[in-house]
Amino acid sequence: MKRLIAVATLVLGISGIPAYAVDENNVAAGLTAAGAPLGLHGVDPVAFITIGNRVEGNARYTAVYDGVAYYFENEENKAKFEDNAARYVPQNGGFCTFGVSVGKKFDGDPQYADLVDGKLYVFLNEEIFRAYQKNPGNTISSAKKQWKKIKHSSATSL
């Protein structure tokens, strides 16, 4: 097994395809034209945080951060992101915050999201989002603690 991992790492390195950490970010399957998988379902994270609403990004305006490609509505939003990406990326690697709070990695759908103290938290679905709304502070606090434990674990191992 160790030899297989070493060979895979070598092949990825030689081929020019970046090797991504296992499940540290919630991304779509496949790669974008930027050579990285798509995050936040293609929603513009800058628009989401600055106007508090989901705006579909455009592949024409793509920036890559931490091995994840993000789409933006326009060049201005892309530039803001590139100046301070950590401010705009979704918390918990873009995984469902409620799921992370209980030690799981579920898809984070920006259709079900909350902005708290300028940070973006996404959730699996409407039912989970409603559960979160009953005690958002506790969920976010628990997710912060759990994320430190599960960040480098594959979703299937949790």
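These legends walk through several close-up views of a predicted model.

**View 1. The whole protein, from one end of the chain to the other.** Welcome to the overview, a good place to get your bearings. The protein has seven helices and four strands. Starting at the N terminus, these elements follow the order α-α-β-β-α-α-α-β-β-α-α. The chain holds 158 residues, and 40% of them are buried. Among contacts with a separation of 6 or more, 55% join residues 24 or more positions apart. The accessible surface comes to about 8900 Å², and carbon and sulfur atoms account for 52% of that surface.

**View 2. The largest nonpolar core and a second core apart from it.** Here we step inside the protein. The largest nonpolar core has 17 residues, and those touching the most other members are Leu40, Tyr70, Phe72, Phe81 and Leu120. At least two residues of this core come from each of α2 (45–51), β1 (58–65), β2 (68–72), α4 (85–88) and β4. Another core, of eight residues, lies apart from it and includes Tyr112, Tyr121, Phe123 and Phe129.

**View 3. Phenylalanine 72 and its contacts.** This view stays with one of the residues just named. When neighbours within four places in sequence are left aside, phenylalanine 72 is in contact with several residues, including Asp44, Pro45, Val46, Tyr61, Thr62 and Phe81. Gly57, Asn58, Ala63, Asn77 and Lys78 are also among the contacts of phenylalanine 72.

**View 4. Threonine 62 in strand β1.** Now look for threonine 62, which sits in strand β1. Is this residue buried or exposed? Threonine 62 has a relative accessible area of 18%, so it is buried, the cut-off being under 20%. A polar atom of its side chain lies 2.6 Å from the backbone oxygen of alanine 59. Setting aside neighbours within four places in sequence, threonine 62 is in contact with Ala34, Ala69, Tyr70, Tyr71, Phe72 and Lys78.

**View 5. The hairpin of β3 and β4.** Follow the chain through β3, around a turn and into β4. The two strands form a hairpin with two residues between them. In the turn, aspartate 117 has a positive phi of about 50 degrees. Five bridges pair β3 with β4 in the antiparallel sense. Two facing pairs help you trace the hairpin: leucine 115 stands opposite leucine 120 in β4, and aspartate 109 stands opposite phenylalanine 123 in β4.

**View 6. Valine 122 in a mostly covered strand.** Four of the five residues of β4 are buried, which leaves this strand mostly covered. Valine 122 belongs to strand β4 and counts as buried, at 1% relative accessibility. Not counting residues up to four places away in sequence, valine 122 touches Leu40, Gly94, Phe95, Cys96, Thr97, Gly108, Asp109, Pro110, Tyr112 and Ala113. Valine 122 and glutamine 91 are 31 residues apart in sequence, and their C-alpha atoms are 7.8 Å apart in space.

**View 7. Helix α7 and what it packs against.** Our last stop is helix α7, residues 136–150. How far should its 15 residues span? At 1.5 Å a residue the expected span is 21 Å, and the end C-alpha atoms are 20 Å apart, which agrees. Thr139, Ile140, Ala143, Trp147 and Ile150 are the buried residues of α7. These buried residues pack against α5 (97–101), β3 (109–116), β4 (119–123) and α6 (126–133).

Technical notes: Residues are numbered from 1 along each chain as its sequence is written. This is a predicted model: local features need pLDDT of at least 70, side-chain atom pairs count only at pLDDT 80 or more; totals for chains, interfaces and linings use all residues. Side-chain values use heavy atoms; hydrogens and water are left out. The expected span of a helix is 1.5 Å times one less than its number of residues. Buried means under 20% relative accessible area, exposed over 50%, partly exposed in between (1.4 Å probe, protein chains only). Contact means heavy atoms within 4.5 Å. Two strands pair if DSSP finds at least two bridges between them. A nonpolar core is a set of buried Ala, Val, Leu, Ile, Met, Phe, Trp, Tyr and Cys residues joined through side-chain atoms within 4.5 Å. A polar contact is a pair of N or O atoms within 3.5 Å; within protein, one must be able to donate a hydrogen and the other to accept it, and residues adjacent in sequence count only if both atoms are side-chain atoms. Accessible areas come from the Shrake-Rupley method with a 1.4 Å probe; for residues, only the protein chains shown count as cover.
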